[in-house]
Amino acid sequence: MEMVMCCSCGNFVRAVPDASSVAPVRDECPDCGDTEFKHNCSGRRIVVD
């Protein structure tokens with residue numbers, strides 16, 4: 001299972017593989033509503049539009 005971390009509050013959200021990266025299964029963090037996440041394994045930042 002892949003996880004991404006919310007850049008604002010640090011909450012973890014499940015993610016699924018998406019092309020060369022991962023995509024969070026939610027459009028925003030359930031705790032704070034932010035839409036920017038970090039994939040800790042690769043260090044990539046993911047912004048949900």
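Me: A nonpolar core is a set of buried Ala, Val, Leu, Ile, Met, Phe, Trp, Tyr and Cys residues joined through side-chain atoms within 4.5 Å. Which residues make up the largest nonpolar core here?

Reply: The model is a predicted one, in which local features need pLDDT of at least 70 and side-chain atom pairs count only at pLDDT 80 or more, while totals for chains, interfaces and linings use all residues. Residues are numbered from 1 along each chain as its sequence is written, and side-chain values use heavy atoms, with hydrogens and water left out. The largest nonpolar core has nine residues: Val 4, Cys 6, Val 13, Ala 15, Val 22, Cys 29, Phe 37, Ile 46 and Val 48. β1 and β2 are the elements that give two or more residues to this core.

Me: How do you know how confident the predictor is in this chain?

Reply: From pLDDT, the predictor's confidence in each residue, from 0 to 100. The protein chain averages 94, and 100% of the residues score at least 70. Among its elements, β3 has the lowest mean, 92, and β4 the highest, 97.

Me: What makes β1 and β2 a pair of strands?

Reply: A strand is a DSSP run of E with at least two residues, numbered from the N terminus. Two strands pair if DSSP finds at least two bridges between them. β1 (residues 2–6) and β2 (residues 12–18) have four bridges and run antiparallel, so the requirement of at least two is met. In this pair, Met 5 faces Phe 12 and Met 3 faces Arg 14.

Me: How do you know that β1 also pairs with β4?

Reply: Two bridges join these antiparallel strands, so they satisfy the rule of at least two. Cys 6 has Phe 37 as its bridge partner in β4.

Me: Why are β3 and β5 called edge strands?

Reply: The open sheet has five strands in the order β3-β2-β1-β4-β5, paired antiparallel. β3 (21–24) and β5 (45–47) each have a single partner strand, so one side of each lacks a neighbour in the sheet. The twist averages 45° from one strand to the next, with axes taken as lines fitted to C-alpha atoms and angles running from 0 to 180 degrees between N-to-C directions.

Me: Is His 39 buried or exposed?

Reply: Buried means under 20% relative accessible area, exposed over 50%, and partly exposed in between, with a 1.4 Å probe and protein chains only. His 39, in the loop between β4 (36–38) and β5, has 8% relative accessibility and therefore counts as buried.

Me: Why is Cys 7 called partly exposed?

Reply: Its relative accessible area is 29%, which falls between the 20% and 50% limits. Cys 7 is in the loop between β1 and β2. Contact means heavy atoms within 4.5 Å, and beyond four places in sequence Cys 7 touches Asp 34, Glu 36, Phe 37, Lys 38 and Arg 45.

Me: What makes the link between His 39 and Glu 2 a polar contact?

Reply: A polar contact is a pair of N or O atoms within 3.5 Å; within protein, one must be able to donate a hydrogen and the other to accept it, and residues adjacent in sequence count only if both atoms are side-chain atoms. The side chains of His 39 and Glu 2 are joined at 2.7 Å, so the distance is within the limit of 3.5 Å. Not counting residues up to four places away, the residues His 39 touches include Val 22 and Ile 46.

Me: What stands out about the phi of Ala 19, and is Ala 19 buried or exposed?

Reply: Its phi is near 55°, a positive value in a residue other than glycine. Ala 19 is in the turn of the β2 and β3 hairpin, which has two residues between the strands. At 86% relative accessibility, Ala 19 counts as exposed.
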